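Please work through the exercises below with the sequence and the model open beside you, and try each task before reading its solution.

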Amino acid sequence: MNQIEWTDFTKVELRVGRVISAEVFAEARKPAYKLQIDFGPEIGLRKSSAQITAHYTPENMIGKLVVAVVNFPPKQIGPLMSECLVTGFHDAEGRVTLCVPEHEVPLGAKLL
């Protein structure tokens, strides 16, 4: 494992946002959802594609807090311009489980 300096870590903007819309991303090569996430007044709304269909439905994503990298450059994913990277972990079967705060925190809060 490569070690990094503290300054490297501080460059990554991992922020909390609330999913305000979620729908099946029919054009994606692998099953995914299109998400719109509210990161609060400082950052605003961002779009993302997330391959989280094994554990989540679009309906149960609405209102869920997520942790995402918000300072990557936008990336074109099919017809969607992804503006953030939603974070998660692979479970034993390789399915993605979201990285989420355990309690309510303000939108836009930065991971420490």
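**Exercise 1: the surroundings of β4**

In this predicted model, Val 69 stands opposite Leu 85 in β7. Starting from that pair, work out which strands are joined to β4, how they run, and whether the faces of β4 are covered or open.

*Solution.* Begin with the partner already named: β7 covers residues 85-86, and 2 bridges join this strand to β4 in an antiparallel arrangement. Next, turn to β1, which also runs antiparallel to β4 and is joined to it by 5 bridges; one position to inspect is Arg 15, whose bridge partner in β4 is Ala 68. Then consider the two faces. In a regular strand the side chains alternate between the two faces of the sheet. Here Leu 65, Val 67 and Val 69 are buried on one side, while Val 66 and Ala 68 are buried on the other, and both faces are therefore covered. The count agrees with this reading, since 5 of the 5 residues of β4 are buried.

**Exercise 2: the nonpolar cores**

Identify the residues that touch the most other members of the largest nonpolar core, and find which strand gives the largest share of that core.

*Solution.* The largest core has 17 residues, and those touching the most other members are Leu 35, Ile 37, Ile 52 and Met 61. Two or more residues come from each of β1 (14-24), β2 (33-38) and β4 (65-69), with β2 giving the largest share, 3 residues. To follow one member outward, take Ile 52: beyond its neighbours within four places in sequence, it is in contact with Tyr 33, Leu 35, Met 61, Val 96 and Leu 98. Apart from this core lies another, of 5 residues, including Leu 14, Val 16, Val 67 and Val 69.

**Exercise 3: Ser 82 and the cysteines**

Decide whether Ser 82 is buried or exposed, trace its side chain to a backbone oxygen, and then explain why the cysteine found there is in no disulfide.

*Solution.* Ser 82 is found in strand β6 (residues 80-82), and because its relative accessible area is 7%, under the 20% cut-off, Ser 82 is buried. Outside its neighbours within four places in sequence, Ser 82 is in contact with Lys 47, Ser 48, Ser 49, Pro 74, Lys 75 and Ile 77. Its side chain reaches the backbone oxygen of Cys 84 at 3.1 Å. Cys 84 is itself buried, at 6% relative accessibility, whereas Cys 99 is partly exposed, at 23%. The sulfur of Cys 99 is 13 Å from its closest cysteine sulfur, in Cys 84, and this is too far for a bond because a disulfide requires the sulfur atoms to be within 2.5 Å. A search of the whole structure likewise finds 0 disulfides.

Note on methods: Residues numbered from 1 in each chain as written. Predicted model: local features only at pLDDT ≥ 70, side-chain atom pairs only at ≥ 80, totals over all residues. Heavy atoms only, no water. Core = buried A, V, L, I, M, F, W, Y, C linked by side-chain atoms within 4.5 Å. Buried < 20%, exposed > 50% of the residue type's maximum accessible area, 1.4 Å probe, protein only. Helix = DSSP H or I, 4+ residues; strand = E, 2+ residues; numbered from the N terminus. Contact = heavy atoms within 4.5 Å. Pairing = 2+ DSSP bridges. Polar contact = N/O pair within 3.5 Å; in protein donor to acceptor, adjacent residues only side chain to side chain.
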